[in-house]
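Trainee: I have just opened this entry and would like to understand the words people use for it. Could you take me through them?

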Amino acid sequence: MAEYDYDVLVIGAGPGGYVAAIRAAQLGLKTACAESHATLGGTCLNVGCIPSKAMLHASEFYDAAANGAMEEMGIEVKPKLNLDKMHAQRLDAVDGLTKGVAFLFKKNKIDWKQGHATFQDAHTVKVGDETVTAKNIIIATGSSVTPLPGIEVDNDKQVVVDSTGALELKSVPKKMVVIGGGVIGLELGSVWRRLGAEVIVVEFLDQLLPGMDGEIRKEAAKIFKKQGMELRLSTKVTGCTVKGKKATLTLEPAAGGDSETLDADCVLVSIGRRPNTDGLGLENIGLELNKRGQIETDHDFRTKVDGVWAIGDVIPGPMLAHKAEDEGIACAENIAGQTGIVNHDVIPGVVYTWPEIAGVGLTTEDAIEKLGDKARVKTGKFPMMANSRAKTNHEPDGFVKVVADAETDQVLGVWCIASVAGTMIAQAAQAMEFGATSEDIAYTCHAHPTHSEAIKEAAMAVQGKPIHI
Ligand code: FAD
Ligand code: NAI
């Protein structure tokens with residue numbers, strides 16, 4: 001009789017966990033996955049990437065019809081919002097994709113143990129009433145919304161909501177205040193602005209989108225303001241009272257000073273996410289968390305406890321679905337005795353606003369800090385206004401910026417604001433994986449007319465010789 005029920009038990013069926021389970025099964029390992037939610041797919045498929053993109057995509061069409069962008073191209077339509085139908089197509093997308101994961105589990109003979117998993121020891125987990133043993137256990141429990149002290153989220157009331165509540169609003173709020181000018185705030189703030197809400201973003205820092213290149217952050221702020229979003233930078237929220245369907249927030253300058261109040265019909269709290277480890281029984285296996293509440297691993301995704309591995313949002317690094325997926329694959333391969341590697345220096349990030357904002361690798365600021373000398377970093381920029389396809393499509397906003405090592409010409413980072421920046425950034429990530437120089441990109445033939453030509457021209461600008469500006 002086998003020593004354990006399974007070779008691999010994955011805890012959590014988000015993009016990290018479900019992908020790890022599939023790869024483990026593909027490699028011939030007997031695999032189970034514990035997931036407490038009623039459907040598979042985790043945050044990403046149920047309340048994250050997928051439903052938010054469904055709302056972003058639909059609201060983009062509405063906005064294009066409402067703001068004159070379609071009329072500019074000779075299409076005269078007066079849009080009428082059917083919010084119920086917009087929500088229905090969102091739920092349809094979620095339903096189709098979560099069922100798709102269930103189908104893949106069946107196809108790969110992965111047992112889904114439905115329930116909350118708690119470690120009993122390093123090879124034994126209780127899932128609901130069932131005890132499951134496994135030689136290897138992968139923790140892929142993801143993350144959830146960071147609460148803001150003093151502000152109570154109640155998604156049912158739809159007045160103070162988190163990202164899950166903001167996806168499900170039954171009517172367009174007249175005035176929405178977004179706390180946190182990060183990825184969620186800007187994406188979901190954009191959805192409701194496009195559908196008619198007045199949106200005010202309150203951000204603690206002096207710029208939006210921490211972690212992105214400085215010039216990109218400034219340009220993004222300019223574009224969002226032009227679109228009608230009000231930005232209150234360097235401002236903190238210190239309190240919130242709710243009366244019926246109205247919220248009143250108290251704001252203060254981040255550096256301290258006089259407070260003021262701001263009324264809203266809806267408040268979105270989007271100040272970050274934190275790892276899910278509550279009730280996981282980590283104390284039973286002697287696994288400690290770092291200061292940020294994350295589980296630390298080595299490069300192979302091993303924790304300090306033999307046989308216990310961890311991936312995705314619950315470990316350090318950007319909280320992104322594709323990062324979790326790649327770690328899932330690598331972790332399963334390492335368990336199977338192969339060499340699974342994730343290059344954490346080349347993880348693209350995309351904000352799916354209009355236009356999209358994307359980046360990979362080092363920002364200019366990080367590159368200067370890393371190389372220790374401003375002169376060691378050279379950059380090249382190319383405006384989308386000068387890109388023939390973007391210009392033809394009436395998409396003039398944004399630019400591409402390539403950051404390179406001045407000595408070796410190796411590309412260190414690429415940053416874009418463009419309608420299809422999320423698609424464009426893949427070529428930059430691939431070039432960086434292959435150790436490309438800016439000259440390599442500048443001399444790679446790009447199809448015309450495409451937005452991607454702007455990456456080529458920005459690389460040419462690093463060389464000092466773009467053609468179209
Ligand atoms: P999760 O997806 O969080 O999955 C963890 C799973 O574990 C959950 O299903 C949970 O129920 C389960 N679980 C937790 N504890 C236990 C337990 N003890 N027992 C059993 N089950 C447990 N990322 C992108 O890359 N692109 C995007 O466009 C994007 N959009 C987003 C939009 C929103 C609104 C949000 C909130 C997030 C978005 N993200 C996006 C981030 C992305 O969703 C996460 O990075 C990703 O889901 C992390 O995957 P994971 O597998 O680590 O964890
Ligand atoms: P975030 O970390 O992107 O942004 C949070 C923002 O809130 C920061 O700008 C921060 O300075 C600000 N902030 C923090 N405390 C504040 C306070 N008290 N008052 C005002 N501002 C405050 O976090 P967000 O937007 O909640 O997203 C969480 C995670 O989900 C992100 O790490 C992101 O990786 C992931 N995500 C990814 C998406 C994508 O890839 N397109 C989409 C949505 C989420």
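Mentor: Gladly. Let us begin with some vocabulary: Ala, Val, Leu, Ile, Met, Phe, Trp, Tyr, Cys and Pro count as nonpolar, Asp, Glu, Lys and Arg as charged, and the others, Gly among them, as polar. Keep in mind that this is a predicted model.

Trainee: How do the residues of the shell around ligand 1 divide into nonpolar, polar and charged?

Mentor: The shell holds 15 nonpolar, 19 polar and two charged residues. Gly12, Gly14, Gly42, Gly142 and Gly312 come nearest of the 36 residues around ligand 1, and Gly counts as polar by that grouping. Two or more residues each come from helix H1 (15–26), strand E2 (31–35), helix H2 (42–47), helix H3 (49–66) and helix H9 (321–335).

Trainee: What makes the chain as compact as a globular protein of its length?

Mentor: The globule rule gives 23 Å for 469 residues and the radius of gyration of the chain is 23 Å, so the chain is as compact as a globular protein of that length. Its C-alpha trace spans about 70 × 60 × 50 Å along the principal axes. Buried residues make up 48% of the 469 residues.

Trainee: What does the secondary structure of the chain come to?

Mentor: It comes to 14 helices and 22 strands. Take helix H5 (residues 83–107) as an example: it has 25 residues.

Trainee: How do you know that the reach of H5 is close to the expected one?

Mentor: Set the two values side by side: at 1.5 Å a residue, 36 Å is expected, and H5 reaches 36 Å from its first C-alpha to its last. Just after H5, Lys109 takes a positive phi of about 55 degrees.

Trainee: Which residues of H5 are called buried, and why?

Mentor: They are Arg90, Val94, Thr98, Val101 and Phe105. Each is called buried because 20 or more other C-beta atoms lie within 10 Å of its own. These buried residues pack against H1, H2, H3 and strand E3 (111–114).

Trainee: Into which domains is the chain divided?

Mentor: Domain 1 covers 6–145 + 274–335, domain 2 covers 160–271 and domain 3 covers 349–462. The centres of domain 2 and domain 3 are 29 Å apart. Their contact takes 13 residues from domain 2 and 15 residues from domain 3. On the side of domain 2 that touches domain 3, helix H7 (183–194) and helix H8 (214–226) give two or more residues, and H8 gives the largest share, six residues. That side has seven nonpolar, two polar and four charged residues.

How values were computed:
Residues are numbered from 1 along each chain as its sequence is written. Chains are lettered from A and ligands numbered from 1 in the order in which they are written. This is a predicted model: local features need pLDDT of at least 70, side-chain atom pairs count only at pLDDT 80 or more; totals for chains, interfaces and linings use all residues. Domain bounds come from an automatic or database domain assignment. Two residues are in contact if their C-beta atoms, placed from the backbone, lie within 7 Å. Helices (H or I, at least four residues) and strands (E, at least two) are DSSP runs, numbered from the N terminus. A residue is near a molecule or strand if its C-beta atom, placed from the backbone, lies within 6 Å of it. The expected span of a helix is 1.5 Å times one less than its number of residues. A residue is buried if 20 or more other C-beta atoms lie within 10 Å of its own, exposed if 12 or fewer, and partly exposed in between; C-beta atoms are placed from the backbone. The radius of gyration is taken over C-alpha atoms; the globule rule is 2.2 Å times the number of residues to the power 0.38.
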